[in-house]
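New to this one? Here is a quick briefing to read with the structure open beside you.

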Amino acid sequence: MYMGILKTKLILHQNFLLRLSNFSLPSSKRYISRRIYEEEAFIATVHGSTHQDKPPLTLERSHSTERYDWRLRATSRPRNELKSNTENGDSPTLIKRVKPPQSALEKSSPYYAAFNEYKSHFLPLLQYEQDEEESVIRERLGTWSLPKLKDEGYTLTGLSAYWLEGTRFGKPMASFSLGPGLHLPEHKFLNGTRVLLSRIDPLKEEPSRGSVLSTTSTHLTISFPDRSFSLDLPEDSSGWRIDLTESDYVFELMRTAIDSFKFDVRKQEQTGIFLPPSGLEGQREREYILMGTHLRDVLLQSSQPSESPHAHRALQDAEDPNYVERDVLEHEYHPDHLSLPTGGFQELPPSLGDNHGAFHDDMLISSWANRYSHPNPVVIEGDPQFEELSRMNETQKRAMAMMIGERISLVQGPPGTGKTLTIISTIKLLKMHFQVPQPLLVCTYTNVAVDNLVEGLAKAGLKPLRAASAGKTKESLTKWTLEYQMQLHARYADWKDLEDRVKKIGDTLKELRNKIQNLERKMAKEGLSSRETQIRDGMLKNVIRQGRSLDATKRRSYGLEQAMVKDILNNADVICTTCITSASAALNAIDFPVVFLDEASMSTEPASLIPLMKGCRHVALIGDHKQLPPVITSPEARSLGLAISLFERLAEERVVPSIMLNIQYRMHPAISHFPSLEFYNSSLLDGTADTFGYVLPRLMPPSVSPVLLPPGVLASVSDSKEIVEDGEVRTSARPPVIFLDHSGNESMKTKSRVNWDEAHIVASVVEDLLLNNDNLNGQDIGIIAPYVAQISLLTKLFNADPKYRERFNTVLGEHRAMQFSNIEIKTVDGFEGREKEVIIFSTVRNNSGGYIGFLADRRRLNVGLTRAKRGLFVVGSMNTLRQGRTARSNDGATKVGKGAESWRRYMEYVGQHGLVLNLQPGDALAKVLHGNVNAAAAAAIAAVSS
């Protein structure tokens, strides 16, 4: 009865809110807030809790200064398809956005001591890491011969170049090639990589620095900061040289992000729109580009000086075989957990406090978030309903409520638990149903993960915008990129006309200056006639006029470009990019108060700060500390904590609200069983079986030839249902996990490792999968190898080896054999956040000493074993992996790490469950390597003879 009354009252108030949604009277808002608070307090009572159980993150703020008014609707979701002034063809009335003035943080600021402590911790770590990366490059350039640099793809020489017309966001572009129709050799100059440009040797001359925009078989397009140097070469020159390098650009971005803690975003917002001081060029209205974050009180809390400071440490050791307790990963706000005076910044004056997230004032959103943050939420009429939401489990919905309702939150997501779906559903809820006006920024660590999000968002009916360096986006997602949207803008032709005028005036100026230089050389030698002097003076005046015209045209072009970019950003539901690319100048056209950080456990803390320093007041971090950590090359930086992500640091402090997703929907239960046992203390549950325990049909293991099945497995069992009991499959159907044990030895290649025998086994497995599964294509198969040399070998065998091409054509037919080019072959890191129908894990290591090197990393093993949906083939040496030695100590004793122990337990697991196929030299190995090709050859002979 009470619940019925409750629902009736909430329906009435929900409808009342909807009727008032078109009004912006503050008195109405306060009345609604009071009434909803009373109803939610009653809900909390029903659920056995009250508002007093959940203290605010900081003290009550004095009044609103937010740049985005919650009462407005999303500009990407207009009632009528209104056109902006820019699109209507009017002159853009652009408010000039400028950076706030630089100033030191005053000693009187409550953040002063914590800010300086934070800087003194992180800035040296960044310098250690930068020095280490630069030393690797210097060593390569200084010790490797030029032929070796070219053979390994780090250097290209003999290049000709010319400047291209136009710019990319103000940066000039140049094209490099060996000559008309000449193909470039194999190289490592991928899109987005940084390069050094020199004529002979970058260590012996001052090189120019650029970034690769795009690559073809014959050309590289590279952008440079300016055109301060000529690309013309003397006749006797051997051409340009480019070398692969790292850039200090990324490190400067991270240092700037750390330094941005000094800014008070609230004061920037209060300034609003203003006019520059009189006397400055241009009196156009201005506003500040928001720099800094509203989250200083939380992010700097553990840096506050104290008699018992909280150490900057990981949530748990990377090799710890145990999993943290559930209450560490799932809890509400714990303001007093850190042993700091006054609980950190809890005694801040109200003028500095900001106790809630971006959606607090919107009562519709607050009501939804508060109700759905509890198990079995009260559902009322008018609650959003859509396909993605209907597929979500209770924990995922609670995670959505936390991401929306809390100003900062953590979502722990083990493999396959639907982190991406949770993010997409949250964005769809905010933009399509609540239509919030705040821009949403989603950042990840890798471009691959950004592409996955863009695909999912577009499929869900949203309008994502992909911001990336040129060439970093999948071709199928081009229409969602900023560059593509620019070309579709109604004013693109006008902007191009201005750009053409800039070039035309620039060419005229260049021609005038050349003529003036010729006259001045003549004047220096023999003097000028009066007529020539008049001509020279006229040209000098013309240079001044043309220069003014060029400056004015450039300003008009830039202003129109910025207006177009702002239109495009405002017309998107969500901006998707990496943490580093979020610093792009193009994204300065708007501010980002709401940020979602995916893959947050893979990014260093300074890198995670970059998107947060764009005026962020609301952030959700999504990750898994049991998967890949930040990649750190400097031992000093790693030992002092640079490898600890912001996500893991906040999880360890246990202050920020946190929740764990605990049901996986990716893997066949037999694939997820060992990772759940080994890495998550069996807390990772399976959602891939129906209510009767039968595995979902979509996850039935792929068909393979009998020679690839472990002993005792019935090859004829192809359609039987598999039932799961106690986490294990109880039928005799072909297993989704198979370990192929062989004795082929590894070998060294440069500083990497390769295993030829294993590569041949992998090729045979892929061939067999494509032969026996008509519905399995190349893009459904992924190959993981921990060593770059093995990846290079497999790529060559699949795509460039003539013997293998002939073999694949014989076994599969030419059309089917084309699927090999669609198979992804990457390191473990390259598959983070990815999934495939079938994964083949090439472990490579096979030696008498039992050394497995960095293969012993537990977190990489976790990722490698959890990418496959319905088929996982692990290829390696059981003997080597059982020994699992990682190094030899000074006294000659061998070391075995906790990660190596995980491999030992995995060897025991596959052995006990009968999942091992022994491929020692003999008939079994010969049938795997040559069975299909011999059968195809025999069939061809029989067909001819008949």
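In this predicted model, ring pairs join F674, F679, F841, W903, Y906 and Y909 into a cluster. Let's start there, move out to the sheet and helices around those rings, and then visit some other spots along the chain.

**The ring cluster**

- One of the pairs is F674 with Y909: their ring centres sit 5.3 Å apart and their planes make 50°, which puts the pair in the tilted class.
- F674 belongs to helix α20 (residues 669-680) and Y909 to helix α27 (residues 898-912), so this pair ties together parts that are 235 residues apart in sequence.
- Are these two rings buried or exposed? F674 is buried, at 4% relative accessibility, and Y909 is buried too, with a relative accessible area of 10%.
- Zooming out, the whole structure has 22 aromatic pairs.

**A six-stranded sheet**

- Six strands line up as an open sheet in the order β26-β25-β27-β28-β22-β31, with parallel pairing.
- At the edges you'll find β26 (824-826) and β31 (916-918), each of which pairs on one side only.
- Going from one strand to the next, the twist averages 20°.
- Inside the sheet, β25 and β27 run parallel to each other and share four bridges; look for I781, which stands opposite V838 in β27.
- Helix α20, the one that carries F674, lies across β22 (737-741) and β28, at about 65° to β28.

**Helix α25, well covered**

- How many residues of helix α25 (residues 858-865) are buried? Eight of its eight are, so the helix is mostly covered.
- The buried set is R858, R859, R860, L861, N862, V863, G864 and L865.
- What do they pack against? Their neighbours are helices α20 and α27, plus the strands β25 (781-784), β27 (836-842) and β28 (868-876).
- At the start of α25, D857 puts a side-chain oxygen within 2.9 Å of the backbone nitrogen of R859.

**A seven-stranded sheet**

- Another open sheet has seven strands, in the order β12-β13-β11-β14-β16-β10-β17, and its pairing is parallel.
- The edge strands here are β12 (464-466) and β17 (658-660), each with pairing on one side only.
- The twist averages 20° from one strand to the next.
- Helix α19 (residues 646-653) packs on this sheet, touching β10 (408-412) and β16 (618-623), and its direction makes about 100° with that of β10.
- Over at one edge, β12 pairs with β13 (residues 574-578) in the parallel sense over three bridges.
- If you want a residue to look for there, R466 has C576 in β13 as its bridge partner.

**An edge-to-face pair**

- Why is the pair of W163 and F224 edge-to-face? Their planes are at 80°, with the ring centres 5.9 Å apart, and an angle over 60 degrees puts a pair in that class.
- This pair links distant parts of the chain, 61 residues apart: W163 is in strand β2 (residues 155-168), while F224 is in the loop between β6 (219-223) and β7 (240-245).
- Both rings are tucked away: W163 is buried at 17% relative accessible area, and F224 is buried at 1%.

**Two single residues to look up**

- N191 sits in the loop between β3 (171-177) and β4 (194-198). Its relative accessibility is 18%, so N191 counts as buried, the cut-off being under 20%.
- The C-alpha atoms of N191 and T215 are 6.7 Å apart, although 24 residues separate the two along the chain.
- S366 is part of helix α9 (residues 363-372), and with a relative accessible area of 13%, S366 is buried.
- The S366 side chain reaches the backbone oxygen of H360 at 2.9 Å.

**The chain as a whole**

- The chain contains 28 helices and 31 strands.
- It has 946 residues, and 53% of them count as buried.
- Among contacts between residues at least 6 apart in sequence, 77% join residues at least 24 apart.
- About 42800 Å² of the chain is exposed, and carbon and sulfur atoms supply 51% of that area.

Terms used. Residues numbered from 1 in each chain as written. Predicted model: local features only at pLDDT ≥ 70, side-chain atom pairs only at ≥ 80, totals over all residues. Heavy atoms only, no water. Helix = DSSP H or I, 4+ residues; strand = E, 2+ residues; numbered from the N terminus. Buried < 20%, exposed > 50% of the residue type's maximum accessible area, 1.4 Å probe, protein only. Contact = heavy atoms within 4.5 Å. Areas by Shrake-Rupley, 256 points an atom, 1.4 Å probe, with all protein chains shown as cover. Pairing = 2+ DSSP bridges. Axes fitted to C-alpha atoms, helices over the stretch in contact; angles between N-to-C directions. Polar contact = N/O pair within 3.5 Å; in protein donor to acceptor, adjacent residues only side chain to side chain. Phe/Tyr/Trp six-rings, centres within 6.5 Å; stacked < 30°, edge-to-face > 60°.
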